[in-house]
Amino acid sequence: MQIDRKSDMKPVDGPAENFTGKATITGQFQRPEPSRVGGAIVHFEPGARTAWHTHPAGQTLIVTEGVGWTQIEGGAKLEFHAGDILWCPAEHKHWHGATPHEAMTHIAIQESVNGTPVTWLEKVTDEQYLAPLGEPKE
């Protein structure tokens, strides 16, 4: 059994090429084969968000604090809250982050395929980020 102690986890800033605004990543992990699972705790200050990206095996987000927004390309921008669990299917281009006025923290969990858990793409524009909220498709 392995225990990673919170006191030993060093937060790092989300790389500027993959995030807009201040995002902090803590507890990043990638389990050894045969497991493919990895993840991290990501905290977004108000207005911070990821760039567009995809995951080869999808991604689960467990929201632990705050309020955020997310969008799959071509879909509605949706709001989520602490306690919500989000699922983004494999290879769906998407982004997620805090709202302009409230911070948000989530636990991100995804699997690597051929050694890669994520493909980063272009940044989300302010126009995309500030677009009106939509309704989820059923």
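Begin with the surface of the protein chain switched on: its accessible area comes to about 8000 Å², and 55% of that area belongs to carbon and sulfur atoms. Keep in mind throughout that this is a predicted model.

Next, with the surface still shown, colour the charged side chains. The protein chain carries 11 positive and 18 negative charges, and the mean positions of the two sets lie 5 Å apart.

Now hide the surface and show the C-alpha trace. Taken along the principal axes, the box filled by the C-alpha atoms of the protein chain is roughly 45 × 30 × 30 Å. The radius of gyration is 15 Å, which agrees with the value near 14 Å that a compact globule of 138 residues would have.

Switch to a cartoon and follow the chain from its N terminus. You will pass twelve strands and one helix, in the order β-β-β-β-β-β-β-β-β-β-β-β-α. If you then draw contacts between residues at least 6 apart in sequence, 69% of them join residues that are at least 24 apart. Colouring by burial gives another view, in which 36% of the 138 residues of the protein chain count as buried.

The remaining stops concern aromatic side chains, for which the structure holds four aromatic pairs. Select F19 and F44, which form a tilted pair with ring centres 6.1 Å apart and 50° between the planes. F19 belongs to strand β2 (residues 19-20) and F44 to strand β4 (residues 37-44), so that this pair links distant parts of the chain, 25 residues apart. Are these two residues buried or exposed? Both F19 and F44 are buried. Add W120 to the selection, and you have the three members of one aromatic cluster, F19, F44 and W120.

Move on to W95 and Y129, another tilted aromatic pair, whose centres are 5.8 Å apart and whose planes make an angle of 55°. Here a strand meets the helix: W95 lies in strand β10 (residues 94-98) and Y129 in helix α1 (residues 126-129), so the pair ties together parts that are 34 residues apart in sequence. Check the accessibility of each partner separately before leaving this site. W95 counts as buried because its relative accessibility is 0%, and Y129, with a relative accessible area of 3%, is buried as well.

To close the tour, return to the cartoon with both pairs still selected, so that F19 and F44 in strands β2 and β4 can be viewed together with W95 in strand β10 and Y129 in helix α1.

Note on methods. Residues are numbered from 1 along each chain as its sequence is written. This is a predicted model: local features need pLDDT of at least 70, side-chain atom pairs count only at pLDDT 80 or more; totals for chains, interfaces and linings use all residues. Side-chain values use heavy atoms; hydrogens and water are left out. Helices (H or I, at least four residues) and strands (E, at least two) are DSSP runs, numbered from the N terminus. The radius of gyration is taken over C-alpha atoms; the globule rule is 2.2 Å times the number of residues to the power 0.38. Buried means under 20% relative accessible area, exposed over 50%, partly exposed in between (1.4 Å probe, protein chains only). Contact means heavy atoms within 4.5 Å. Accessible areas come from the Shrake-Rupley method with a 1.4 Å probe; for residues, only the protein chains shown count as cover. Lys and Arg count as positive and Asp and Glu as negative; His and the chain ends are not counted. The place of a charge is taken as NZ of Lys, CZ of Arg, CG of Asp or CD of Glu. Rings of Phe, Tyr and Trp (its six-membered ring) pair if their centres lie within 6.5 Å; planes under 30 degrees apart count as stacked, over 60 as edge-to-face and the rest as tilted.
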